[in-house]
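Please look over the sequence and the model below. The report that follows covers one sheet, one helix pair and two chain contacts.

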Amino acid sequence: MTEFGNLVLSGLTSGAIYAVLAVCLALWFRVANMLNLAAGDFAMIGALGVDLLARVHGWNLGLAIVTVLAVIALIGLVYDLIVLRIAVDWGRAREGIVAIFFFTFALSFVLEGVAQQVFGTVVHAAPALWPGNALDLHGLHVQRAGLLVIGFAVLVGAGLALCLRFTLVGKAMAACGENAIGARIVGIDSRRFRRGIFVLTAVLAGTFGILGSPITGFVYNSGAGLSLSGVVAAAFAGFTRPGRAVLAGLAIGLLEAFLSGYVSTAYGETLLYGVLAAVMLFRPQLMGLPEVAH
Amino acid sequence: MALAVSDLSVTYGDFVAVERASFEVAEGECVAIVGPNGNGKSSIAMAVAGLADRRGTVRLFGEPAPAGDPVWTVRRGLVLVPERRQLFPNLSVIDNIALGCYAWTRSLKAALRSDAVAHALRFFPQLSTRLDQKVGTLSGGEQQMVALARGIASRPRILIIDEPCLGLAEIVSRRLYEVLAAMNREGRTIVLIEENPARALELSHRVIRVQNGIVVDGARSPHGGGGGR
Amino acid sequence: MASAVGVALAGVIAVIALQGTYYDSVLVLAIAYAIVTIGMAVQIGYSNQLAFSQSVFMGMGAYAVAILNTRYGWPVPLALVVAVLGSGVVGAAVGSVVTRAPGLALALATVLFPIPVTTYVTYSTYLGGYTGIGGIEPLWAGDSASSSLIQSGIVAALILGLCVLACGRILRSGVGLELALSSDERTAAALGILTSRRKLELFVLGSMLAALGGSVFAGTQVVVSSDLFSQTTELTLLVMLFVGGRRSLIGAIVGAIGIQYLAGSTTLVNTHLLVIEGVLLTAVLLFEPGGLAQIAVNAAHAFQQRGTSQHPTALDDRGPSVRPTGPPRPDQVVPGPGGRRPEGVAPTLVCQGLSRRFGGLVAVDAVSLEVPRPGLYGICGPNGAGKSTLLELIAGGLRLDAGRVVLEGQDVSHWSAAERAQLGVARTFQMVRLMRHRSVLDNVAVACLPSHRTTMARAIARSDLEQARERAHAALTRVGVAHLAHTDPGRLTLEGQRMVEMARAIAAAPRLLLLDEPASGLSGAQRGRLAELLSGLGEEMAVVVVEHDLELLASIASRLFVLIQGRLRFEGDADDFRRSDLVRTELMGLIGGAAAAGEPG
């Protein structure tokens, strides 16, 4: 029983990681019709940045967190102001799948390259926000950081889903992604929305990196794998529903845990991707993928 | 003057869509811009609404409008119902209409309870049974109704509507024209873009002719400003 | 042909010229990558098939050669051939599954491939684990390591030239035209093109070229390791492709050489390679999506044409001198592609009880109608009456809930749109979609390709494109827009687009032509020209026109059907139509003159 429970917990924890990234991706896709493949890299910067400031340079933890998040926000802002603005205004972003994949792909390269220089190539972890040993509840090993991450994921997912459904601003966000011209006609400043959401998702990803890094260490190229997991989870939510994205992320995490625990540890990851690919190929309806405009 | 346009030019790359167009529309007028297809009428509409880059000046109720800023123009009461509608296909009918209220509020509750939305739905009762249906699944005529309803929800002082009857059956076109006429009687300025001059004259007092991107006729308003029908 | 020879020659000369220098090894390595990127140019750049599995197949080819050579002593050239053929088989197996999924699913699924594969290879001792396999003999062994490199490099350059030749011929053939269209499923189906077969062939091509590149890699680099399979390799390949020019074979080669050179140039560049690649990729995506190749082409063009401004070619400008010519001469009407039935007495189209609903809404309700012989038939009705849905049901774009569609005696109710197209059904769309990167002539020619009879392999030897172009030209002439044949589709006016679409629809000499609101957006004079054209077409084939313009329909159609709320409420000729009370009340009569000329009351 406890083994099962621990598996569930570990599954939920890594699932929460995917969930937050999936939510960020889904939200951004809803607004901009683009995928942010650099989301994982923002998480990495959050974790490694706080580690650098707080542990290596001895800054106060709170200050370090605020600074790093501010830097992340700045990076997101600058990227949108320069690159994304040109991309959308010059119609590059309308070239369908290409824009969806490759713009932030390139950003990911740049972020990784810079991280490689700044943080080096060793695995680090940010200091825990909720320090202390793992809690022991009825024999279940509950990592404190894990609770934080799960709680954060659920909060973010629920909050965003509610916002999109029940507020005019939320609907305006959805409208941006549906029809950019239509949005401008009703007075929605889709550029500002897009910018805001991009920065928001970068900061969310960064926060999660900080929260979750005691669980798994980060290194300069951790971002790619994380982004990919997030994309897969978001795919199962059709790239547009934050609520469902959270559930998808958690489910994938659980699936991974069970495959690793009960089937095979070494090939657990492989099996997971095998299952996911199979679902994507044979039952794409499950994903409710949006029609990609040409 | 509700709308005063002078020396408006719109180019797409090296293609000149509109060349130094000037015209004016008095408050309360109902004016049609006519001309063959591909001759610049829609470009004029988009440019005036701030959706296309332009040169020249556009004055809205006396204030000069900044180019390329549709948010500014919508807030001042100039609402465009564009060619091909540009609705939000995966959102419901009521969501689409409520988003028209974004021009003057950020509260969903206020939008849904507003006179503007109620007014729009009164004009198109057949939409009331379809409020939760996704707009992408509606027929062409129904979508045009939603587009016009969305425009009405924005509380327009001046409404520019571009080829509303394209591809629609006669009975739907008549209904749309009736609504536009009613809106004009309420005091709203209407600018109708229509390719068929005979049809345009059914509704409007005055016709501005555009040919090859140039205004060739009808630019001046007989009303000094602030005249009704 | 010329570019293939040029590439091979340039490669050979460069390899020999650079011998002994460090750049030689860079060049040879780049050639191996270039073979892969050429395949990606065809697959990703040209045909929009977003598959990201090339690094996996490259590794597969490399490891196959490595194992066959080091463990079993096979000579490298033989191992290469076997590796490529084997990868082709694997590619076909994987592709048959993968290409059936929608585009984004395909992309995601293939992006994940490297992960399990890399893990497997790294853990497998048979495959050399982490360290990989070393000691592979060169492609063409020489007396020393350096002469082996040069000789193998020459072989690699020649192989590259052959690849350019094969891919070039494919791209310039009829199959190449189909590939360009393959991402627009709806149009392709309407033209009878079997996209599923093309997609599979494309995937196999990409896989085989990737494997070939991997084999050449093994034959020139002595050692292979597991990071050949990894995502990093895939990313590098993508950067090479995009920077060089994804729609250009030469661009792909230039990209490979450029990036490989960068990677090895200075330590400074190497440490910051990721950042540089990211910035380059962003710059290309933003400023010139066509990559370096497009920059070169633009520069050449700008140099040639200076000062001429381009205005869209308007039919109106040409005035009334443009009139559609008469029915095509017998030698212009070549029998179309596909299994055509001989003309018999079976009616062209019979619809029995067609029904279709969307959720709670009944769009088409038990509609039965018959189109017995060539002529002009009109379908009209108020909005939301189901006219477009009915058209889709007949064309095969929507599935029937109930009823039968019978074409010339053949029950096609369960046939796909592409299959019905091959039987002789052609249709137009309200929103015309033309391929941007091809001329108008090619856009029409794609309808004349014998899609189901050619394979990609055959296209290397023989191209059906010239014949298709001739028929396309005949169709454009018939419609009266032959002068637009070499125009850029983006510069057409609305009437121009509609006429090109019409030409595309009649190019394959269909039996049944379905037109969806052809007059919408056209001016009075343009409608007149359209009416004349349609009357002429009605003498050769059965033309069914869905329209709102009642005057137009009544003036040319021999039989009219009125659909109201999904049900067929009227059927008759134009006079009955004008006299019918139902029509008058439900459709608000005809506009203007025709109503006044009708019966009073």
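In this predicted model, chain C holds an open sheet of four strands in the order 2-1-4-5. The pairing is antiparallel. Strand 2 (361–371) and strand 5 (410–411) of chain C stand at the edges. Each has a single partner strand, so one side of each is left without a neighbour in the sheet.

At one of these edges, strand 4 (residues 402–407) of chain C runs antiparallel to strand 5 of chain C. Two bridges join the pair. V406(C) has D411(C), in strand 5 of chain C, as its bridge partner.

The sheet also carries a helix. Helix 17 (residues 387–395) of chain C packs on the sheet and touches strand 1 (349–358), strand 2 and strand 4 of chain C. The direction of helix 17 makes about 120° with that of strand 1 of chain C.

Next comes a helix pair in chain C. Helix 7 (residues 145–171) and helix 10 (residues 195–221) of chain C have axes that come within 10 Å and cross at roughly 170°. That angle makes helix 7 of chain C roughly antiparallel to helix 10 of chain C, because angles over 145 degrees count as such. Helix 7 of chain C brings L149(C), S152(C), G153(C), A156(C), I159(C) and C163(C) to the contact. Helix 10 of chain C answers with L209(C), L212(C), V216(C), G219(C) and T220(C). By class, the residues of this contact are seven nonpolar, four polar and no charged.

Two chain contacts remain, both with chain A. Chain B puts 25 residues in contact with 18 residues of chain A. On the chain B side, helix 2 (70–75), helix 3 (93–100) and helix 4 (108–113) each supply at least two residues.

The contact between chain C and chain A takes 32 residues from chain C and 36 residues from chain A. Which elements of chain C give two or more residues to the side that touches chain A? They are helix 4 (76–98), helix 5 (103–112), helix 6 (114–123) and helix 14 (273–287) of chain C. Helix 14 of chain C gives the largest share, nine residues.

The table lists the residue classes of the two sides that touch chain A.

| Side touching chain A | Nonpolar | Polar | Charged |
|---|---|---|---|
| Chain B | 16 residues | five residues | four residues |
| Chain C | 23 residues | seven residues | two residues |

How values were computed. Residues are numbered from 1 along each chain as its sequence is written. Chains are lettered from A and ligands numbered from 1 in the order in which they are written. This is a predicted model: local features need pLDDT of at least 70, side-chain atom pairs count only at pLDDT 80 or more; totals for chains, interfaces and linings use all residues. Axes are lines fitted to C-alpha atoms, for helices over the stretch in contact, and angles run from 0 to 180 degrees between N-to-C directions. Angles under 35 degrees count as roughly parallel, over 145 as roughly antiparallel, 65 to 115 as roughly perpendicular and the rest as oblique. Two residues are in contact if their C-beta atoms, placed from the backbone, lie within 7 Å. Ala, Val, Leu, Ile, Met, Phe, Trp, Tyr, Cys and Pro count as nonpolar, Asp, Glu, Lys and Arg as charged, and the others, Gly among them, as polar. Two strands pair if DSSP finds at least two bridges between them.
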